[in-house]
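Reader: I'm a first-year student, and I'd like a close look at one place where two helices meet. Could you take me through that part slowly, and then show me how it sits in the rest of the chain?

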Amino acid sequence: MDTCTYDLDHSAVEATHYYKAYEGDRVMLCFGCASRFGYPQYLVELPRPRSWRTEYGYLVNVQIGTGQGDLVADVWPMEGDGVESWLTILGCQESKYLVADAAWEPYRPHYSVNDDFTYEATRVTCLPVVQCV
Ligand SMILES: [Zn+2]
């Protein structure tokens, strides 16, 4: 929890207003202080940081017949929207069903075999997935 930085007595009071001061300092005010001192024009109001929550992610593992994993194809973890396209790019012909199966039964690897490749997808609960584009 961010706390009010205006008044030392407010070190336990939750901040509700965030500003960037004219020298770039981050200022956090509780509702009381923000109401009391108003919104000085030299302060830029910052959006309130959003709280995070867990998300679903998919572990993707692709293996060739030897049991060796493909280092390029293995991704941990991946967002739901991207995992189906990624599996399709890798040559999985049943990516839609594989992802649906994984979504239906989390924490258990689901497989799809196509030619010499075995595609494995497992749905897990993870911290928010950061996309590197
Ligand atoms: Zn305060």
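Author: Start with the crossing itself: H2 and H3 cross in a right-handed way. Which residues make the contact? From H2 come Val83, Glu84, Leu87 and Thr88. From H3 come Ser95, Lys96, Leu98 and Val99. Sort the residues of this contact by class, and you get four nonpolar, two polar and two charged ones. Keep in mind that this is a predicted model.

Now the geometry. The two axes, that of H2 and that of H3, come within 9 Å. They cross at roughly 140°. That angle makes H2 oblique to H3. The cut-off matters here: only angles over 145 degrees count as roughly antiparallel.

Next, look at H3 alone. This helix covers residues 95-104. Which of its residues are buried? They are Ser95, Leu98, Val99 and Ala102. Look down the axis of H3, and these buried residues fall within an arc of 95°, so they line one face of the helix. Three of them have already appeared: Ser95, Leu98 and Val99 are also in the contact with H2. Turn to the other side of H3. There, Lys96, Tyr97 and Trp104 are exposed. Lys96 deserves a second look. This residue is exposed, yet Lys96 also takes part in the contact with H2.

What covers the buried residues of H3? Helix H2 (80-89) is part of the cover. Strands contribute too: the cover includes E4 (55-63), E6 (110-114) and E7 (117-126).

Now look at the two loops on either side of H3. Gln93 sits in the loop between H2 and H3. Is Gln93 buried or exposed? Its relative accessibility is 66%, so Gln93 counts as exposed. Along the chain, Gln93 and Val113 are 20 residues apart. In space, their C-alpha atoms are separated by 8.8 Å. The loop between H3 and E6 holds Tyr107. Tyr107 is not a glycine, but its phi is positive, at about 65°. With a relative accessible area of 55%, Tyr107 is exposed.

Step back to the whole protein chain. It has three helices and seven strands. From the N terminus, the order is β-β-α-β-β-β-α-α-β-β. The chain has 133 residues, and 30% of them count as buried. Now take the contacts with a separation of 6 or more: residues 24 or more positions apart account for 38% of these.

Finish in the segment before E1 (15-20), where His10 lies. Its relative accessibility is 19%, so His10 counts as buried. The cut-off is under 20%. Leave aside the neighbours within four places in sequence, and His10 is in contact with Thr3, Cys4, Cys30 and Cys33. Asp7 also has its place in the segment before E1. Its relative accessible area is 25%, so Asp7 is partly exposed. How far is Asp7 from Leu29? In sequence, they are 22 residues apart. From C-alpha to C-alpha, Asp7 and Leu29 are 8.7 Å apart.

Key. Residues numbered from 1 in each chain as written. Predicted model: local features only at pLDDT ≥ 70, side-chain atom pairs only at ≥ 80, totals over all residues. Heavy atoms only, no water. Buried < 20%, exposed > 50% of the residue type's maximum accessible area, 1.4 Å probe, protein only. Helix = DSSP H or I, 4+ residues; strand = E, 2+ residues; numbered from the N terminus. Arc of directions from axis to C-beta. Contact = heavy atoms within 4.5 Å. Axes fitted to C-alpha atoms, helices over the stretch in contact; angles between N-to-C directions. Parallel < 35°, antiparallel > 145°, perpendicular 65-115°, else oblique. Left-handed = near helix turned anticlockwise from the far one by under 90°. Nonpolar A, V, L, I, M, F, W, Y, C, P; charged D, E, K, R; others polar.
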